[in-house]
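Here is a briefing on one protein model. Look over the sequence and the structure before reading on.

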Amino acid sequence: MGNLLRSGAFLRRCVAVAAIFLAACSDSGGPGLDVSDETDPDSGHEEVLPSLTAQIEHWSPTGVFLAAADCGQCHKASSPGDSPAVLRAPDAQISENQPSPQGDDISPFADWKSTVMANAFTDPYFRANMVHESETFPHLAGFIENKCLTCHSPMATTHAHQTGSGLDDGFYRAEQALVDSHAREGVSCTACHQITDSVLDGNAYPDGVHSGNFEIPAEGDPDAFTIHGPYQNPQGQAMQNQVGYTPVFGLHMSDSRQCASCHELYTPTIDMETDQPNGEDYPEQTPYTEWANSDFGPNGSNPRSCQQCHMAREEITEDFLTRLAVRPNGSVNASWPERQPYSPHVMLGGNTWLLETLELFREELGRSDINEAGEFAATAELTREFLKTAVTLSVTGQTLGAGELAFDLTIQNETGHKLPTSFPARRMWVGTRVSDANGATVFASGLPDESYRLPMDAVFTSEACLAAKKTSDFDSSVCYQAHLNEVSSEDDVPVYETVLGSTTGAITHILLYAANPLKDNRIPPKGFDIASVPEDVRPIGLNGDSDFNADNAGRDTIRYRIPVGAAVALPLQVDATLYYQSIRPTFIDGLHGEHEWVDEFQTIARLNPPPAEVMAELSFEVQ
């Protein structure tokens, strides 16, 4: 049911986008401009297609940074048919551990260029959210943009602060990033691979590695132009001759603290009454701390790093051997060493919406010279399959009697962090349908509509709930679904999410107003001891749910007690679906501002609403 919903809706959005493009062409001679002078009555925003200039693939070396495409001139797959093959997927019928001459290209650049990481600046939601926060706090706009771009455009922000070039009153700004090719490239090769091993130094980072506090040596530094990799004894002469970098072994490249330097993020809290920072920080996303306190962490029973899970392809085993490069002319140097394990640069997460948006608006977002049609869609499909490994569902206690259908549904987190994790716009929920023997629906709860909204979203996105500032007597509890331990009516929808609260205790969808969560019932990973983990990652608002993460098992059980009429045709079919959404409706409708990036995002979100991805499904009969 879930897959059919996804594919049909995506096709309808493609048709809708095509219709808008045709209108744009007839009105203005081409896409990428305002599609009409009208305002969408449902959103209050002008209908504006995204418009970014074409991204330059081979830009000139800038400071210590180089275009990813230049790295890809050697770190690429061998030509089809060449043997020995390099950076190509194996043929399982021949060998799972060797590249096949006809295998798919799994080289770093080929994988990376259609990832969320490569498009960290291009991302329309990121850009809209950044300028939304800047317009909300204009006196802090430079600080806000500089902070966001530190991790979304790390090469450009780092270069600007190393040289002083491109700064505005000491800050790197969004308008400058628009014209800087090394900003447009997002999180690229010479950003990640030049971060020093200081991320492993507890003395250098007494408060931990987070919030973009990584170090990259500047020109003139003795360690400048050093490329860190995960393999011992790299052969560096070819890289030095070709691009001027020296490869060295870096233990930190396989360590989760490398990822934490950006993916562990604390943001300053703005006082709701004064609109000034109050000196406190809010844990906007803490996947590293969650992981470190799980069975997958460094002291856990089953250690696995971020890289091992998120830089992986199903067909690439830890025993897979490949050379990492070819000569500049594309030929294979058989004397270069084969390496293992190989980490594909697919950088999988959960954001299928962004990947499908990039596919739909490839030209308008300036990516058509870099990505061929279908590349983003392929990465979206890999992401969709990756999401399905994150969780399992199980059922116990199925009974039918005394006018009631009863069962217990357990959600087991299989990841090393909370589900869902990271940016607080994300949510996960359970949809349930009960059908009788004739196929008639007896009960339905949590089933999304064609725009992937739930009935309760109409209240949650009301003007009162989304108002930037609330009255002192405002009841925030009406603006979100409280944690549920039992489902007994169609209005009961178990939703797992973070709900932000401001310094006044009112709900907010403005990130920098966040002071304390009103709710955080995201399911912890296995081994997560709520009593001993840092306070800022503990669940909140569980309403006395005693089985939530019981025995630190990383799971939650929901009791279903559904009234059923005596005349219902048996057996009953129960279909339970766990959905995931990367941007929930309140964070779409709550995003306001005068900047064109806001209108562009709202247009995209209408044409391509963030989907309800199916993470897990379970069906069973009750007689």
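Where does proline 420 lie? Proline 420 sits in the loop between β10 and β11. The model is predicted. The points below cover backbone features, ring pairs, salt bridges, a covered helix and a charged surface patch.

**Cis peptide bonds**

- The bond from leucine 419 to proline 420 is cis, with omega near -15°.
- The loop that holds proline 420, between β10 and β11, also holds phenylalanine 423, a ring taken up below.
- A cis peptide bond also runs from leucine 570 to proline 571, with omega near 5°.
- Proline 571 is in the loop between β16 (555–563) and β17 (572–581).

**Positive phi outside glycine**

- Aspartate 169 is not a glycine, yet its phi is positive, about 55°.
- Its place is the loop between β3 (167–168) and β4 (171–172).
- Aspartate 169 counts as exposed because its relative accessible area is 70%, and the cut-off for exposed is over 50%.
- Aspartate 275 also has a positive phi, about 60°, and is not a glycine either.
- Aspartate 275 lies in the loop between β7 and β8.
- With a relative accessible area of 18%, aspartate 275 falls under the 20% cut-off and is therefore buried.

**Aromatic pairs**

- The model has twelve aromatic pairs.
- One of them joins tyrosine 125 and phenylalanine 601. This pair is tilted, at 5.1 Å centre to centre and 40° between the planes.
- Tyrosine 125 is in helix α4 (residues 124–136) and phenylalanine 601 in helix α19 (residues 596–607). The pair links distant parts of the chain, 476 residues apart.
- Both rings belong to buried residues: tyrosine 125 has a relative accessible area of 8%, and phenylalanine 601 has 0%.
- Phenylalanine 423 and phenylalanine 587 also pair, with ring centres 6.5 Å apart. Their planes stand at 70°, so the pair is edge-to-face.
- This second pair spans 164 residues, from the loop between β10 (404–413) and β11 (427–435) to helix α18 (residues 585–589).
- Phenylalanine 423 is buried at 15% relative accessible area, and phenylalanine 587 is buried at 5%.
- Ring pairs join Tyr125, Trp353, Phe423, Phe587 and Phe601 into a cluster.

**Salt bridges**

- There are 22 salt bridges in the structure.
- Glutamate 375 and lysine 113 form one of them, at 3.5 Å from N to O.
- Glutamate 375 is in helix α15 (residues 375–387) and lysine 113 in the loop between α3 (108–112) and α4, so the bridge ties together parts 262 residues apart in sequence. Both residues are buried.
- Aspartate 275, the residue with positive phi, forms a salt bridge with lysine 469. The closest N and O atoms are 3.5 Å apart.
- Lysine 469 lies in the loop between α17 (463–466) and β13 (486–487), so this bridge ties together parts 194 residues apart in sequence.
- The two partners differ in cover: aspartate 275 is buried at 18%, whereas lysine 469 is partly exposed at 42%.
- Arginine 384 and glutamate 356 form a salt bridge, with the closest N and O atoms 2.8 Å apart.
- That bridge connects helix α15 with helix α14 (residues 352–360), and its partners are 28 residues apart.
- Arginine 384 is buried at 10% relative accessible area, and glutamate 356 is buried at 6%.
- A network of salt bridges links Glu356, Glu381, Arg384 and Glu613.

**Helix α14 and a buried loop residue**

- Nine of the nine residues of α14 are buried.
- Among them are Trp353 and Glu356. Trp353 is part of the aromatic cluster, and Glu356 is part of the salt-bridge network.
- Tyrosine 452 lies in the loop between β12 (441–445) and α16 (457–460). It is buried, with a relative accessible area of 0%.
- The C-alpha atoms of tyrosine 452 and arginine 584 are separated by 8.9 Å, with these positions 132 residues apart along the chain.

**Negative surface patch**

- Asp197, Asp201, Glu215, Asp221 and Asp223 form a negative surface patch.
- Aspartate 201 is in the loop between α9 (189–192) and β5 (226–229).
- Aspartate 201 is partly exposed, at 33% relative accessible area.

Definitions and conventions. Residues are numbered from 1 along each chain as its sequence is written. This is a predicted model: local features need pLDDT of at least 70, side-chain atom pairs count only at pLDDT 80 or more; totals for chains, interfaces and linings use all residues. Side-chain values use heavy atoms; hydrogens and water are left out. Patches are made of residues with over 30% relative accessible area and no salt bridge: like charges are joined within 9 Å, nonpolar side chains (Val, Leu, Ile, Met, Phe, Trp, Tyr) within 5 Å. Accessible areas come from the Shrake-Rupley method with a 1.4 Å probe; for residues, only the protein chains shown count as cover. A salt bridge is a side-chain nitrogen of Lys or Arg within 4 Å of a carboxyl oxygen of Asp or Glu. Lys and Arg count as positive and Asp and Glu as negative; His and the chain ends are not counted. The place of a charge is taken as NZ of Lys, CZ of Arg, CG of Asp or CD of Glu. Helices (H or I, at least four residues) and strands (E, at least two) are DSSP runs, numbered from the N terminus. Buried means under 20% relative accessible area, exposed over 50%, partly exposed in between (1.4 Å probe, protein chains only). Rings of Phe, Tyr and Trp (its six-membered ring) pair if their centres lie within 6.5 Å; planes under 30 degrees apart count as stacked, over 60 as edge-to-face and the rest as tilted.
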